Amino acid sequence: MLNFLSYQPINQYQSTIRKINQSYYVIKKYSNEQLKQQTEKLKLDIKDHNTNLDETLIEAFATVKAAIFRAINITLFDVQLLGGLILHKNNIAEMKTGEGKTLVALLPAYFNALYMKGVHIITVNNYLAERDAKLATTIFNYLGITVGTITEKTHYQNRKQEYWKNITYITNSELGFDYLRDNMAINQSDIMQRNLYYAIVDEVDSILIDEARTPLIISGETTISNNLYEKSKETSYKLINTIHYQVDEKARNITLTEEGVSICEKILNIENLYNLNSPWLKYIINSLKAKELFFKNKDYIVKDNKIIIVDEFTGRVMEGRRWSDGLHQSIEAKENVQIEKENKTLASITYQNLFLLYTKLCGMTGTAKTEENEFLNIYKMNVIEIPTNEKCIRKDLADLVYQSEYTKWQAIASECLDMHKIGRPTLIGTTSIEKSELLANMLDELSISYNLLNAKPENNNKEAKIISEAGKKYKITISTNMAGRGTDIILGGSEKKMTEEAIQHYIINSINNNVKNKKNTEVKQILNITEIQVLDQFINQSIKNHQNLSEITKNIYDAEYNDNLYQIYQKLKNTYKKICDQEKKDIIKLGGLYVIGTERHESRRIDNQLRGRAGRQGDKGTSRFFLSLQDNLFRIFGGNNIKKLMTNLQIDDNTAIESVILSKSLSNAQKKVEAYFYDIRKQLFEYDEVINNQRKAIYKERKSILNSSFTKDCILEYGEYTIKEMLKSYDKNRKNTLILEQILQLLNIGQYVNIAFLKDTKIKDLEQILYQQFRISYDLKETYLEQLRPGLIRQLEKYYLLQQIDKAWQEHIEKMNLLKEYIGWRSYGQQEPLIEYKNEGFHLFINMTTYIRQTVIYLIMRSRLIIDITNQ
Ligand code: ADP
């Protein structure tokens with residue numbers, strides 16, 4: 001039994017876990033048929049309240065545990081059951097790398113799927129969504145639960161069907177974009193998602209913290225002259241840092257000095273740079289940002305004459321993503337590549353607000369504890385640390401700090417040489433492509449072979465393979481940030497991967513008739529003659545049937561239906577297992593995987609992710625960070641204390657110091673940075689909340705219109721509301737009959753009503769008269785249109801309503817964006833900017849809703865459509 005009694009919040013789950021295991025031993029003996037029947041039984045239990053919910057939960061978890069064992073022959077550990085319970089309680093389960101989170105998610109996913117409202121398991125990339133969904137399908141086949149997958153590649157026509165499966169694996173960005181697209185749908189049948197009910201977010205810190213600052217945006221093109229970018233670029237290069245502008249590296253922001261403002265005005269020949277109607281300020285700031293804060297091969301790469309963003313955290317390229325508000329264009333201008341048209345935001349949402357739309361939300365990751373306040377304050381989720389199944393015995397050695405970056409990299413290269421000599425697998429985490437290549441060059445000079453995993457596109461496809469090999473003897477792996485890379489590193493390598501690779505090579509060589517290849521000899525050494533004949537026969541037949549490599553390989557892996565083939569696959573796998581096991585033993589003697597960090601990240605969490613690659617499932621392992629005083633963290637956040645400390649210690653250039661005090665100051669610097677970024681995210685969240693509430697209101701209205709089959713009520717309501725609003729203004733100054741005329745004109749009823757008569761009527765009566773006139777006039781219009789084509793009026797209503805809401809909302813988003821920027825640029829100190837933003841945002845919103853009602857009424861009252869109809 002597990003020793004997690006000492007974990008306070010966890011004690012309460014002890015007896016539940018015991019009961020799950022008891023139930024598991026019963027269910028494990030069920031026939032396949034009985035096991036499958038569990039799902040219907042549990043659904044009924046929930047629906048009819050047959051048992052109390054806790055008991056159903058216990059039985060559901062036990063059922064999944066049994067299905068997992070049956071499908072893949074793995075018995076869930078108690079810590080995994082615990083993780084599942086924490087997820088079910090809408091919290092974050094912090095479980096270290098390699099603890100088997102993929103399977104943990106299946107437990108609460110199954111239980112919550114029994115409610116038939118949809119369960120989403122959200123992953124950071126396509127690869128993980130596909131991989132995990134495949135595994136889940138194998139397991140849930142035993143329980144009659146359907147599993148869907150949605151990645152970038154999933155066609156829009158198929159998405160709805162995938163969303164309606166019991167459990168859907170989906171990437172965070174597809175989920176967000178589909179949500180936005182659904183809220184722009186013109187037909188009810190185009191809506192893909194159900195109401196967002198229960199989500200399990202994998203790598204929850206990557207999604208809710210690292211990505212929280214980047215909103216998802218759906219955009220359309222606008223036309224802005226390229227000249228603006230070019231001219232701003234030229235101007236930015238005439239300005240001098242610290243004299244004309246200040247760079248705030250921390251906030252990644254630029255502010256112009258007074259001198260800067262006046263020189264810009266002179267160059268651009270304008271009177272006031274801060275005039276809200278002048279476009280220049282935004283472009284100048286963007287050009288300066290491009291010049292000072294965004295670097296090639298670190299923040300972006302240039303490929304095929306395009307600027308492609310490199311994800312700051314995973315180090316991977318993000319094809320198709322663009323920086324917003326013209327920043328991307330400024331960088332394009334800087335790099336002299338083609339400047340794409342600037343985009344106008346049509347819809348947008350941040351991940352923060354997207355995930356808060358779920359009725360139930362939970363998440364899992366290896367690293368969340370450092371950000372637990374944020375998770376609690378913003379998402380109302382507790383972070384609960386789940387003990388590891390085996391005790392973690394990784395040694396985290398003290399940092400080594402060098403005076404200069406150069407000596408640091410030399411020391412790292414020489415450490416790699418030492419490790420390579422003894423064959424100990426080593427993983428080096430770097431923070432940019434440039435640095436990973438710098439190290440690669442140094443290793444080339446020392447004739448050390450290595451694998452390089454960075455954001456360059458040519459490396460992307462090799463990712464899973466490189467990581468799966470990183471735990472083998474003599475492997476040196478250089479990787480830009482390892483966060484979210486999914487696959488875990490197995491000491492000695494993975495027998496499954498080795499088997500699959502050997503089979504693939506064998507097939508390729510059969511296709512090419514190349515029998516002498518080394519791998520073939522390997523396969524031939526393992527298998528006997530009869531087995532080789534069976535394999536050859538199968539491959540030849542498949543080739544004749546025009547199957548391609550991946551089809552043939554897949555058929556061999558999943559060869560349960562073909563006994564001989566299955567035996568062959570198992571035999572190969574068992575042999576490779578022996579090889580891997582032996583290699584693992586050797587590596588453990590050498591100390592296990594060695595992880596080298598080359599720079600402290602701004603957040604301790606990202607460092608922990610890197611360290612966590614070593615020492616999985618109780619394996620031996622070591623981690624150490626090599627740092628230098630020239631590293632960003634020291635430079636920007638370290639302050640003078642650390643520098644003083646180094647000077648006081650009077651160490652020469654080549655000696656590293658290993659000091660606890662230094663490491664502590666560093667951790668403090670990191671904590672400061674974390675707090676700083678948290679504040680930024682909190683601020684973003686507070687600002688975003690304003691537009692989020694507005695978005696909710698608009699989407700709700702839109703949805704009810706889209707789902708309604710009788711929109712006439714809505715039109716009448718809009719009409720009456722508009723009359724009321726306008727009469728209010730009229731009431732303030734009854735001498736001015738212009739408003740009355742406007743009302744009549746708007747409602748298109750001028751010809752039926754006499755202004756002179758209205759002038760002397762009481763407001764309350766006037767309201768009733770106008771309401772009535774509006775209704776009569778609308779009924780007439782309806783009758784007229786019904787004659788032309790039955791049902792047309794309803795279509796028209798819906799069309800105008802949706803069209804005007806969308807148009808007004810898009811304009812509103814633009815205005816809100818500008819408002820935010822301008823409030824930031826306006827003089828500080830007068831009023832709390834957030835309050836100003838809220839107040840002005842509120843007015844803008846009210847104006848927008850009034851505008852929507854008025855234009856819809858105006859358009860519908862004037863729709864005659866004679867021409868349109870005869871043309872059809
Ligand atoms: P994580 O996401 O927590 O890093 P994974 O879900 O990728 O871990 O699982 C790591 C490996 O451990 C996988 O190969 C998985 O099959 C294996 N695994 C998971 N649970 C168990 C278990 N209870 N017993 C044995 N192996 C397990």
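This passage walks through the domains, sheets, nonpolar cores and annotated binding-site residues of a predicted model.

Start with the overall layout. The chain splits into domain 1 (12-217 + 355-385), domain 2 (224-340), domain 3 (395-484 + 597-658), domain 4 (495-587) and domain 5 (690-862). Between the C-alpha centres of domain 1 and domain 4 there is a distance of 34 Å.

Next come the sheets. Seven strands make up an open sheet with parallel pairing, and the order reads β3-β4-β2-β5-β13-β1-β14. At its edges sit β3 (147-150) and β14 (383-385), each of which pairs on one side only. On average, neighbouring strands here are turned by 20° against each other, direction ignored. Inside this sheet, β1 (residues 92-94) and β13 (residues 360-365) pair in the parallel sense over three bridges, and isoleucine 92 stands opposite glycine 363 in β13.

A smaller piece of strand pairing involves β7 (residues 245-248) and β8 (residues 253-256), which are antiparallel and share four bridges. Aspartate 248 has asparagine 253 in β8 as its bridge partner. The two strands form a hairpin with four residues between them, and arginine 252 in the turn takes a positive phi of about 50°.

There is also an open, antiparallel sheet of three strands, ordered β9-β10-β11. Its edge strands are β9 (300-303) and β11 (317-318), each pairing on one side only. Strand β10 (residues 306-310) runs antiparallel to β11 and is joined to it by two bridges; isoleucine 309 is matched with methionine 318 in β11. Helix α14 (residues 327-334) packs on this sheet, where it touches β9 and β10, and its direction makes about 120° with that of β10.

Now for the nonpolar cores. The largest one holds 89 residues, and the members touching the most others are Ile122, Phe355, Phe375, Tyr718, Ile743 and Leu770. Helix α33 (residues 792-825) supplies the largest share of this core, with 13 residues. Domain 1 (12-217 + 355-385) and domain 5 (690-862) each contribute at least three residues to it. Phenylalanine 355 gives a feel for the local packing: leaving aside neighbours within four places in sequence, its contacts are Ile122, Asn172, Leu175, Val201, Ile207, Leu208 and Leu361. A second, separate core has 55 residues, including Leu57, Leu82, Ile145 and Tyr198. As a general point, nonpolar side chains in soluble globular proteins tend to be buried together.

Finally, the annotation. An unreviewed UniProt entry places the feature "binding site" at Gln80, Gly98, Glu99, Gly100, Lys101, Thr102 and Asp488. Glutamine 80 is found in helix α4 (residues 78-88). Its relative accessibility is 4%, so glutamine 80 counts as buried. Beyond its neighbours within four places in sequence, glutamine 80 contacts Thr75, Met95, Glu99, Gly100, Leu103, Val104 and Leu107. Glutamate 99, for its part, lies in the loop between β1 and α5 (101-104). Glutamate 99 is buried too, because its relative accessible area is 3%, against a cut-off of under 20%. Not counting residues up to four places away in sequence, glutamate 99 touches Val79, Gln80, Pro387, Thr388, Asn389 and Gln617. The two annotated residues Gln80 and Glu99 are thus in contact with each other.

Notes. Residues are numbered from 1 along each chain as its sequence is written. This is a predicted model: local features need pLDDT of at least 70, side-chain atom pairs count only at pLDDT 80 or more; totals for chains, interfaces and linings use all residues. Side-chain values use heavy atoms; hydrogens and water are left out. A nonpolar core is a set of buried Ala, Val, Leu, Ile, Met, Phe, Trp, Tyr and Cys residues joined through side-chain atoms within 4.5 Å. Buried means under 20% relative accessible area, exposed over 50%, partly exposed in between (1.4 Å probe, protein chains only). Domain bounds come from an automatic or database domain assignment. Contact means heavy atoms within 4.5 Å. Two strands pair if DSSP finds at least two bridges between them. Axes are lines fitted to C-alpha atoms, for helices over the stretch in contact, and angles run from 0 to 180 degrees between N-to-C directions. UniProt positions are given in the numbering used here, feature names are shortened, and annotations may be inferred rather than shown by experiment.
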